[in-house]
Amino acid sequence: MTQTASAAKKTASAKAKAGAAAKASAGPKKARTKKKQGQAFPFTAIVGQEEMKLSLILNIIDPRIGGVLVMGHRGTGKSTTVRALAEVLPSIERVKDDVYNRTVSQFIEMEKTGKDGKALTAADMTIEDIQVPVVDLPLGATEDRVCGTIDIEQALTSGVKAFEPGLLAQANRGFLYIDEVNLLDDHLVDVLLDVAASGRNVVEREGISIRHPARFVLVGSGNPEEGELRPQLLDRFGLHARIITITDVESRVDIVKRRREYDDDPEAYVKKWDKEQKKLQARILKAKDLLPAITMSDDVLTDIARLCMQLGIDGHRGELTITRTAHAFAAFNGDKEVTMEHVKEIAGLALRHRLRKDPLETLDPGEKIERELAKVLGEEVDA
Amino acid sequence: MDLAKQALMLLAVDPSLGGVVIPAAVGAGKSTLARAFADILPEGTPFVELPLNVTEDRLIGGVDLEATLVRGERVVQHGVLSKAHEGVLYVDSLSLLDSSAVSHVMDAMSRGEVLVEREGLSEVHPSKFMLVGTYDPSDGEVRMGLLDRVGLIVPFTTQNDYRARRQILQRNMAVKDAEGHEDTRDELNMVKGLLDAARELLPQVAMTKEQMQGIVQSALSLGVEGNRVDIFAIRAALASAALNQRTDVDEDDLKLALKLVLVPRATRMPEREEEVQDEMPPEDEMPPEEPETEDEEAPADTPDADAEEEQEETPDMIEELMMDAVETELPDNIMNISLASKKKSKSGSRGEALNNRRGRFVRSQEGEMRSGKVALIPTLISAAPWQESRKRERAKKGHKLNTALIINKEDVKIKKFRDKSGTLFIFIVDASGSMALNRMRQAKGAVSHLLQNAYVHRDQVALISFRGKQAQLLLPPSQSVDRAKRELDVLPTGGGTPLASAMYLAWETAKQARTKGTSQFMFVFITDGRGNIGLQSGMNPEAPKATKEEIEQEITGLAASVSADGIASIVVDTQMNYLSRGEAPKLAEKLGGRYFYLPNAKAEQIAEAAMS
């Protein structure tokens, strides 16, 4: 995101001086929850980059797809798009003020008893609607803030050992976004792999033992030139969207104009796009409702399996992802049955990063998938 | 014509240009230059210098532990990035800034704020700043990701002597001298007045659609990556117009934008007309009349006929005009001043075996609170025995006892971490018949030196030799330098040169090591580069003999993969001069690595190159 134009900096001195001095943060922990960041650039106003937008939308429709890795050129709106995502997300129910965003049944299952020692029932709890959380994991995050740790303040002032939940808790049932994911410290990657595999965060350190649910859609972005992603982490991402510099002059002029209009008056610009945003949100919601009813014939399933086999993809994660993604894609299009047409559209997204790396292969992974897909479909026609 | 000065003036007019990066030689008074910039900014604008050895907690901010312990409540310490908010963040030797610090600066620039998720702290600090960075190109280049967020990059040209530039700058920007002479102060005030006027005018400056298209087309022709740059180029042109008290953008503004924004990021020389037009929509789509865009208010007082003429120009003409200017006014080949076309910057600093910052938490030990992460439990444990006596002491002094625990500085234990980030050196030694005996001895000498160095730096080494049909992993990655030496001493020679097989094996070895946490690799090839055995021959004895072309292709493909994988390489050429057909230099080129000619190079020199 470019900085908003603030030509004259009248207020600079006062603010900066206040910031320069170490200040004590006031109030209890709840008051420290992040305030909502300024108006994000509208998701629907982003020009092009359909692959990335579609991947994100499919993950909203079915979070089990397993997230998106967005890799591509610098300055192509990767992080802008992910940060814009929050505005089109639906809402979920959780137990009021629960730091782990648990549903009532999850809450009862974990806590069992209330403060008074009596068994909890659904009637004891207040429910609230929140928007699906999007949690930003910055590169400089420390492991204790990611996983949660002992509350240092309480330990020091009153000698009480209390658990302070981290970003993984906040991201439960939501999205966890890591910009420059390929530059993430190795030990944080280890933590993420662990949690992503089990859906659970276990903290056993400094004398406390806590486990809490941590299921999230992992979204990562980065520029491949700056570093490679560890293969295990790569494999964790359901979809892999590629993003390239737009080379169409008109589109680029359009991007510039939209950006400038937004920078000049973010609020007015967001308002201008409100209708489009609502429309997309409604379409996603409809798809989510439709999803359980979507069917897929055995023939399509066989073709998917054959495709994965011919591409030499190890394990079954590829097949599973492609199947789920195709379902979500059909739902997004309002279709009740998954066809190979749907599969064709999303096969690249789901499989691109799962192909075995052959040093002598000159073919681009996307082309290879298309070629094998054509073979699978072609055989079908012949038969 | 001084581009550095112009760049800084544009930034002062429009801080959303993000910053200015200036390449400059050693001792050219870079900080004087940056401070001169501070002088022309409005009173009270923060100017924060980022030291190269900045720690993560100082950069981002975190808990001020000393104050927290004293006060018994959480005290937040703002980081450098937050202190630079609405001001200038100045970095000297930008290319030497360590890569994690660069990432944090990049992140703050793209968000306009710093997310502090550390030590139980979760805060957002605003952090919109102008980055002014200087660096000496001989120290290596600045990471492209960072440059992408900085609008203005001053081209580094040898003609443009920095010392002269500084004088101009000092005069023009009116650096205050100790005496505070009247006229310098007047000059300073004049510049400030000019900038104030420009800032005021800026919102009214408009650009035609054709000009905008011209900029975008130029970016395309130069192969500039990403779309963010278009916006910077347009802003730069607008700021330039404002600085000249115009509300419309003219030729000079566009040229300046091109020079400071687009050209430094060029990845190719512009190809004229033909190619560009393919990517263009047909020209008649553009309405020749009323070119002013609908959402941009036409300036009320369009001054002269010049502007009207301009509006009739097509984007193509504008582009050509801009390109002509670049070619005549900037020296030599554009590619020589483009940072994007240069080698990537040096990889991060060498990993340490045990450190205070990252990796796996190994143990805690006494230390300064600032020098690492506090190990809480050991700290509490060490404080525990003294509680009674400390409380008594405090009571005696009449202090109130409002904390349950009294922790003194000397109780603090910090964590020690083990980091596996050392470099893995894979030596790939040609043992084929073409390696004459004395060459082999020299090669062994060079490897010995490298091994010695690797030992000092606690790096890992692996050894691969290749002769006959296939390469062989003589020593898997280990820290045993002695073993590597022993293997090398008894290395037999003779047979074919299965270079491709060796490259493949080395790459596989590197990939395996990567899964175990090693992140930096260096391949050291000691060979004449004349591979004559195909990959298949080693794996399958029945395979047909590969042709020369096929072998060549294999080597090229593997080299590209290795280099794309971010693995650095060195090729030490063992070929006799009069026999050489230049295979080894070609191999180095394909690998994107460095090349040494063994008979000339001393073992120490090669070792030094590999380690730098």
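Student: In this predicted model, what makes B:Glu549, B:Gln553 and B:Ala564 of H23(B) count as exposed?

Tutor: Exposed means over 50% relative accessible area. B:Glu549, B:Gln553 and B:Ala564 meet that label, on the other side of H23(B) from its buried residues.

Student: Which residues of H23(B) are buried?

Tutor: Buried means under 20% relative accessible area. In H23(B) that label goes to B:Ile551, B:Glu554, B:Ile555, B:Leu558, B:Ala559, B:Ser561 and B:Val562.

Student: Why do we say that the buried residues line one face of H23(B)?

Tutor: Look down the helix axis. The buried residues fall within an arc of 165 degrees, so they line one face.

Student: How do you know what span to expect for helix H23 of chain B?

Tutor: Use 1.5 Å a residue, times one less than the number of residues. H23 has 17 residues, at 548-564, and 24 Å is expected. From first C-alpha to last, H23 reaches 24 Å, close to that value. Just after H23(B), B:Gly566 takes a positive phi of about 80 degrees.

Student: Why is the largest nonpolar core said to lie between domain 1 and domain 2 of chain A?

Tutor: That core has 65 residues; A:Leu58, A:Ile61, A:Ile322 and A:Leu351 have the most contacts inside it. Domain 1 (48-90 + 132-246) and domain 2 (290-376) both give residues to the core, so it lies between them.

Student: What does A:Leu58 touch beyond four places in sequence?

Tutor: Its partners include A:Ile65, A:Thr325, A:Phe329 and A:Ile346. Contact means heavy atoms within 4.5 Å.

Terms used: Residues numbered from 1 in each chain as written. Chains lettered and ligands numbered in written order. Predicted model: local features only at pLDDT ≥ 70, side-chain atom pairs only at ≥ 80, totals over all residues. Heavy atoms only, no water. Helix = DSSP H or I, 4+ residues; strand = E, 2+ residues; numbered from the N terminus. Buried < 20%, exposed > 50% of the residue type's maximum accessible area, 1.4 Å probe, protein only. Arc of directions from axis to C-beta. Core = buried A, V, L, I, M, F, W, Y, C linked by side-chain atoms within 4.5 Å. Domains from an automatic or database assignment.
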